[in-house]
Amino acid sequence: MILRFSLQPESLAAKADDITVVIQNAYPDAQVAVEDMLGVVSVTLPTNADVMAGDQICQLLAEKGIFVKRVEDHSLLPIGTVKRPSSPPKRRTVSLFAFIATVVALVLVFSMALGLVINLFSRANTLGTGDQEGEDYASKIALIDAIFEQYSLYDTNGQLLLDEMLKAYAAATGDRYATYYTEEEYQELLAENSGTIVGIGITTMEDAEYHDILVVDVLPNSPAMEAGLLPGDRIISIGDGDNQKQVAEVGYSLAVGLLRGEAGSTAVFSVVRNGAELAFSVVRAEVTLRSVSGRVCETDHTVGYVRITGFDTVTPRQFKEVMNDLIGKGCDHFVFDVRSNPGGDLKSINAILSYFLQNGETILSTVKKDGSTTVYKVAAASYTGDYADCSVSAEEIGMYRGYPMAVLTNGYTASAAELFTAVLKDYGLATVVGETTYGKGILQGVYGLAQWGFQGAIKLTTGYYNPPSGVNYDGVGIKPHAQVSLSEAALSKNLYLLSESEDDQLKTAINYITEQN
């Protein structure tokens with residue numbers, strides 16, 4: 001339990017050491033926090049401590065000439081848990097010191113780990129990485145927290161406050177890619193990057209016309225495939241009976257969240273297919289995401305079409321499987337579609353580019369804030385665990401180099417997908433067809449906080465990355481060899497559901513690699 005005692009701030013500052021000694025002599029396991037700005041002493045005792053401990057501490061301190069006043073008791077609850085009284089007014093149940101200490105410790109430990117602080121203690125209470133002086137933010141947070149504790153009608157949730165504060169911190173840095181992840185969000189991110197999730201096994205996007213959930217892909221061997229769900233199906237509602245929610249009413253993001261759940265639970269929803277409404281009941285399970293798919297082109301059976309929707313840790317394995325399957329079917333020309341591909345993992349893209357380059361050739365270089373440069377070159381690599389599929393054997397280096405190739409891009413081709421495009425372009429291995437890419441030539445790092453004793457993770461931009469040419473394209477993008485836009489009719493449809501005859505960019509790419517090679 002937590003006991004709190006008040007004293008005049010000026011008296012507390014002078015007697016803080018004596019107070020701590022008295023309390024810890026009586027209760028060796030006690031944790032004492034002195035908040036002298038507020039004139040408060042917080043004492044954390046084991047949950048089985050004597051209920052009269054508060055009175056005893058007051059008496060022991062009085063014997064030393066230190067007169068304190070007992071403040072309302074608080075049960076020691078995990079941060080984020082709220083004790084709910086039977087009637088208002090509601091009171092806080094989160095330890096002020098625990099909240100502030102967590103914020104301060106997180107910033108300090110993370111700063112120290114990243115090497116951003118020259119003298120840790122000289123600036124322990126200021127924010128930012130610049131030279132300007134800031135406010136004593138720990139005290140300011142404590143003050144605002146104390147005002148809410150004293151006057152607010154409502155309970156406050158310590159974990160929610162902390163999470164939102166750190167999310168706001170990331171947003172306020174000006175780094176548009178910086179994000180704070182809660183532990184739950186971080187685990188979801190890791191699962192997606194590893195290529196496995198729990199769900200029904202579909203890839204979706206928001207339907208621009210109806211604002212429903214449009215199914216753009218159904219993963220192999222997934223619950224959705226077994227249930228008969230098809231690309232092009234439009235999910236219009238989730239749940240049944242009184243629990244039914246219309247997707248257009250609750251919004252795409254919330255509706256997608258409702259489709260998720262624990263393995264073994266059931267997702268109930270309705271779809272529209274060819275004007276007819278169909279009901280589905282699908283048991284969720286762990287499924288492997290598919291970031292690579294392919295087919296033999298309809299107009300020329302020597303051309304293999306390979307779509308890459310992202311670069312996660314299983315993408316290299318899936319890429320090899322698709323390529324080898326198409327080669328086995330007689331394809332010796334390839335179109336790689338990275339339109340609307342947002343990027344992904346550095347090891348993943350390095351592995352895939354190794355299949356096209358020669359040993360020792362430069363894939364990319366990174367430049368950090370201090371000007372230090374790291375060059376990544378093609379070489380055999382062996383990984384275990386989540387990155388096992390990013391391993392590259394000596395025999396795999398350059399194995400797809402000799403084929404005539406084209407790359408399809410648009411304004412949403414970004415990050416690792418741009419690097420894929422730039423490398424093949426710089427080495428003269430592929431014709432780029434479509435539109436200028438997004439222009440993201442900066443690198444992010446995700447730092448899990450568990451190694452420093454905290455939950456969650458922080459993502460931030462750590463440097464620039466340059467393609468083999470050395471010309472950074474951040475904010476500029478990569479221009480295609482052949483500038484081709486989709487027709488208005490094609491733009492009105494989902495990119496992933498376009499037929500070959502409707503896709504002018506794909507048709508142009510096929511013509512380039514078959515006529516010029």
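**Figure 1. Welcome to the whole chain.** Buried residues make up 43% of the 517 residues in this chain, which is shown here as a predicted model. Its secondary structure comes to 14 helices and 23 strands. Among the contacts with a separation of 6 or more, 66% are between residues 24 or more positions apart. The accessible surface comes to about 26000 Å², and carbon and sulfur atoms account for 52% of that.

**Figure 2. An open sheet of 6 strands.** Follow the strands across this view in the order β14-β15-β16-β19-β20-β23, and you will have crossed an open sheet with mixed pairing. At the edges stand β14 (292-296) and β23 (482-483); each has a single partner strand, so one side of each is left without a neighbour in the sheet. Both senses of pairing can be found here: β14 and β15 are antiparallel, with 5 bridges, while β15 and β16 run parallel, also joined by 5 bridges. A hairpin of 6 residues leads from β14 to β15. Further along, β16 (residues 333-337) pairs with β19 (residues 405-409) in the parallel sense over 4 bridges. To find your way, look for some bridge partners: Ser293 with Arg307 in β15, Val303 with His333 in β16, and Val335 with Ala406 in β19.

**Figure 3. Strand β15, covered on both faces.** In a regular strand, side chains alternate between the two faces of the sheet. How many of the residues of β15 are buried? The count is 6 of 6, so to speak a full house. On one side sit Val303, Tyr305 and Arg307, and on the other Gly304, Val306 and Ile308, all of them buried. Arg307 also belongs to a network of salt bridges that links it with Asp337, Arg339 and Asp503.

**Figure 4. The largest nonpolar core.** In soluble globular proteins, nonpolar side chains tend to be buried together. The largest such core in this model has 40 residues, and those with the most contacts inside it are Val306, Phe319, Phe336, Phe356 and Phe420. Two or more residues come from each of β15 (303-308), α10 (315-328), β16, α11 (346-354), β17 (362-368), β19 and α12 (416-426). Which element gives the most? It is α12, with 7 residues. Zoom in on Phe336 and, leaving aside its neighbours within four places in sequence, you will find it in contact with residues including Val306, Phe319, Met323, Phe356 and Phe420. Its contacts also include Met405, Ala406, Val407 and Leu408. Apart from this core lies another, of 19 residues, among them Ile200, Val218, Tyr252 and Ala267.

**Figure 5. The hairpin of β11 and β12.** Here, β11 (residues 266-273) and β12 (residues 276-283) pair in the antiparallel sense over 8 bridges. One pair to look for is Ser270 and its bridge partner in β12, Ala279. There are 2 residues between the strands, and Asn274 takes a positive phi near 55 degrees.

**Figure 6. Salt bridges, from buried to exposed.** Side chains of opposite charge can pair when their charged atoms come close. The count of salt bridges comes to 14. In one of them, Asp217 meets Arg290, with the closest N and O atoms 2.4 Å apart. This pair links distant parts of the chain, 73 residues apart: Asp217 is in strand β8 (residues 213-218), and Arg290 is in the loop between β13 (285-288) and β14. Asp217 is buried, at 16% relative accessibility, whereas Arg290 is partly exposed at 25%. Another salt bridge joins Arg401 and Glu361, with 3.3 Å between the closest N and O atoms. Arg401 lies in the loop between β18 (373-377) and β19, and Glu361 in the loop between α11 and β17, so the pair ties together parts that are 40 residues apart in sequence. Glu361 counts as buried, at 16% relative accessibility. A further salt bridge is formed by Asp325 and Lys329, at 3.2 Å from N to O. Asp325 is partly exposed at 39% relative accessibility, and Lys329 is exposed at 52%.

**Figure 7. A nonpolar patch on the surface.** Leu143, Ile144, Ile147, Phe148 and Tyr151 make a nonpolar surface patch of about 530 Å². Tyr151 belongs to helix α4 (residues 137-151). Is Tyr151 buried or exposed? Tyr151 has a relative accessible area of 66%, so it counts as exposed.

How values were computed: Residues numbered from 1 in each chain as written. Predicted model: local features only at pLDDT ≥ 70, side-chain atom pairs only at ≥ 80, totals over all residues. Heavy atoms only, no water. Buried < 20%, exposed > 50% of the residue type's maximum accessible area, 1.4 Å probe, protein only. Contact = heavy atoms within 4.5 Å. Areas by Shrake-Rupley, 256 points an atom, 1.4 Å probe, with all protein chains shown as cover. Pairing = 2+ DSSP bridges. Patch = residues over 30% accessible without salt bridge, like charges linked within 9 Å, V, L, I, M, F, W, Y side chains within 5 Å. Salt bridge = Lys/Arg side-chain N within 4 Å of Asp/Glu carboxyl O. Core = buried A, V, L, I, M, F, W, Y, C linked by side-chain atoms within 4.5 Å.
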